[in-house]
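Colleague: Could you take me through this model before I start working with it?
Modeller: Gladly; here it is.

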Amino acid sequence: MNSIRALIVDDSSVMRKIVERSLNQAGIKLAEVLEAGNGAEALAVLQASKVDLILCDINMPVMDGLEFIKQLGSVENAKGVPVVMITTEGSEAHVVQALSSGARGYIRKPFTQEQIRERVLPILAGQT
Amino acid sequence: MNTATESHVTDEHKDWIPLLDLATREVFQMMMSSELGLLDTGTEPNMDITSMVGLAGRLCGMLSVRCTQKLGALIASKMLGTDPDSNGPEVADACGEVANMVAGNFKNKISGLNDGCMLSVPTVVTGRDYSLRSLADYPALEVRLQLEGMPIVVLLEIHS
């Protein structure tokens, strides 16, 4: 697998670092990691940069993850980019809402390395 | 053996104590590869960090996680793989995330609660010279644990 550019969206800088480390430990080669603290920041990042993968929290101030996914369609750089939600919100309603809005995967916090590997690698390989 | 304070807990919520205990232990196992142990009864440590997450909807209330600054630094170092002596902003951030994950993991374990209960973003208070009052309708559920000998206390205050 080639190196990828990832955008990690979470209001916690600690969690952004954990997700980055988890991707590394899952064997995903990261050419660059971009970060945003909420959905609005992430949209601004995507106006200027192209990425291969977006990992996004749901509960965030300013713009939450579900609103962010809804608005992604209007960003040229984001078209076709897979989004994986990583969140404490594990309700069926949230999962359905996220997936129906275009998310390709859903990982609940707390998570294991295996869960990151199992959910993200197939998406990057185009299997889901 | 149960790790929680049960004496004032209503029957309605008593069954939730083991789930709160499990939810907390799982966060430390999965995110820090760390096993929490039981906190000795009667230990009343001075806690410097209180991380809080509000719950709204089918369950209203507040979940708080209290620990010492030293344990907060250890938690941050385990989550980030950094120096355990750090005293930077990542300590509060890490403790807030722990409270967030414990709250989310806890509600995910209760049938019928997950779909109707939302979490707030975490708030973290540091220091000791303050009092905290929640307008709870029920006695709080408390789980008292320790990591490397340092206490961590999880409190769930339920409004209605």
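**Confidence, core and contact**

Modeller: Chain B has a mean pLDDT (the predictor's confidence in each residue, from 0 to 100) of 86, with 89% of its residues at 70 or more. This is a predicted model, in which local features need pLDDT of at least 70 and side-chain atom pairs count only at 80 or more, while totals for chains, interfaces and linings use all residues. Residues are numbered from 1 along each chain as its sequence is written, and chains are lettered from A in the order in which they are written.

Colleague: Where in chain B is pLDDT under 50?
Modeller: That applies to residues 1–8 of chain B, for which the model has 16 contacts beyond four places in sequence, a contact being two C-beta atoms, placed from the backbone, within 7 Å. Where pLDDT is low, the predicted coordinates should not be read in detail.

Colleague: And what ipTM does the complex get?
Modeller: The predictor gives an ipTM of 0.86, together with a pTM of 0.88.

Colleague: How many residues does each chain bring to the contact?
Modeller: Chain B brings 23 residues and chain A brings 21. On the side of chain B that touches chain A, helix 4 of chain B gives the most, eleven residues, helices being DSSP runs (H or I, at least four residues) numbered from the N terminus.

Colleague: Switching topic, what does Leu55(A) touch?
Modeller: Setting aside neighbours within four places in sequence, Leu55(A) is in contact with Ala6(A), Ile8(A), Val9(A), Val19(A), Val84(A) and Ile86(A).

Methods
Helices (H or I, at least four residues) and strands (E, at least two) are DSSP runs, numbered from the N terminus.
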